[in-house]
Amino acid sequence: MWIKILNQPPKEGTMTAVELQGKKIFVTLNKGKLYCAENRCPHEDIELTLGCLKSGRVVCSLHGFSFDLATGVSSQTDVDDMTTYSIKQENGEIYIQI
Ligand code: FES
């Protein structure tokens, strides 16, 4: 099911935190492509929007581990991958699939 979460995409290179049905997620526009993921580091439960974007990955502010925006794959083999969601833009509005 696709659910509308934003009226417009975030600015390039920024992360927008959204709460949806009690779940913390974030949306980002990176090099013109939209991504959506859970706003929680799988390592120690801190919001990933406190970190930064680098080379197609979100870098956690606490220990610096990073997660691929497209796949969620962790930089550390002993840390779970980040949960990602399908995202699309329709008539300027942003939808994710949950
Ligand atoms: S809490 Fe995110 S890398 Fe440790």
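This passage describes the strand arrangement of a predicted model, together with two loop residues.

The six-stranded sheet of the model is open, and its strands follow the order β1-β9-β8-β4-β3-β2 with antiparallel pairing. The edges of this sheet are formed by β1, which spans residues 2-6, and by β2, which spans residues 15-20; each has a single partner strand, so one side of each lacks a neighbour in the sheet. When direction is ignored, neighbouring strands of this sheet are turned against each other by 35 degrees on average.

Within this sheet, the pairing of β1 with β9 is antiparallel and extends over four bridges, and it places Ile 3 opposite Ile 96 of β9. Strand β9, comprising residues 93-97, also pairs in the antiparallel sense with β8, which comprises residues 84-90, and five bridges link these two strands. In this second pairing, Gln 89 has Ile 94 of β9 as its bridge partner. The hairpin of β8 and β9 has two residues between its strands, and Asn 91 adopts a positive phi near 50 degrees there.

The two faces of β9 differ in their surroundings, in that Ile 94 and Ile 96 make up a covered face, whereas Glu 93, Tyr 95 and Gln 97 make up an uncovered one. In a regular strand, side chains alternate between the two faces of the sheet. Both residues of the covered face have partners described above, since Ile 94 is bridged to Gln 89 and Ile 96 lies opposite Ile 3.

Elsewhere in the six-stranded sheet, β3 (residues 23-30) and β4 (residues 33-38) run antiparallel and are joined by six bridges. In this pairing, Ile 25 stands opposite Glu 38 of β4.

A further open sheet consists of three strands in the order β5-β6-β7, again with antiparallel pairing. Here β5 and β7, the latter spanning residues 66-68, occupy the edges with a single partner strand each, so one side of each is left without a neighbour in the sheet. The twist from one strand to the next averages 30 degrees. Strand β6, formed by residues 57-59, pairs with β7 in the antiparallel sense over three bridges, and Val 59 has Ser 66 of β7 as its bridge partner.

Two residues in loops were examined individually. Ile 46 is located in the loop between β4 and β5, the latter comprising residues 52-54. This residue counts as partly exposed because it has 15 C-beta neighbours inside 10 Å, a number that falls between the limit of 12 or fewer for an exposed residue and that of 20 or more for a buried one. When residues up to four places away in sequence are not counted, Ile 46 touches Cys 41, Cys 60, Ser 61 and Leu 62. The C-alpha atom of Ile 46 is separated by 22 Å from that of Ile 96, a residue 50 positions apart from Ile 46 along the chain.

Gly 72, in turn, is found in the loop between β7 and β8. Gly 72 is likewise classed as partly exposed, because 18 other C-beta atoms lie within 10 Å. Leaving aside neighbours within four places in sequence, the contacts of Gly 72 are with Ala 37, Phe 67, Asp 81, Met 82, Thr 83 and Thr 84. Between the C-alpha atoms of Gly 72 and Gly 51, which are 21 residues apart along the chain, the separation is 15 Å.

Terms used:
Residues are numbered from 1 along each chain as its sequence is written. This is a predicted model: local features need pLDDT of at least 70, side-chain atom pairs count only at pLDDT 80 or more; totals for chains, interfaces and linings use all residues. Two strands pair if DSSP finds at least two bridges between them. Axes are lines fitted to C-alpha atoms, for helices over the stretch in contact, and angles run from 0 to 180 degrees between N-to-C directions. Two residues are in contact if their C-beta atoms, placed from the backbone, lie within 7 Å.
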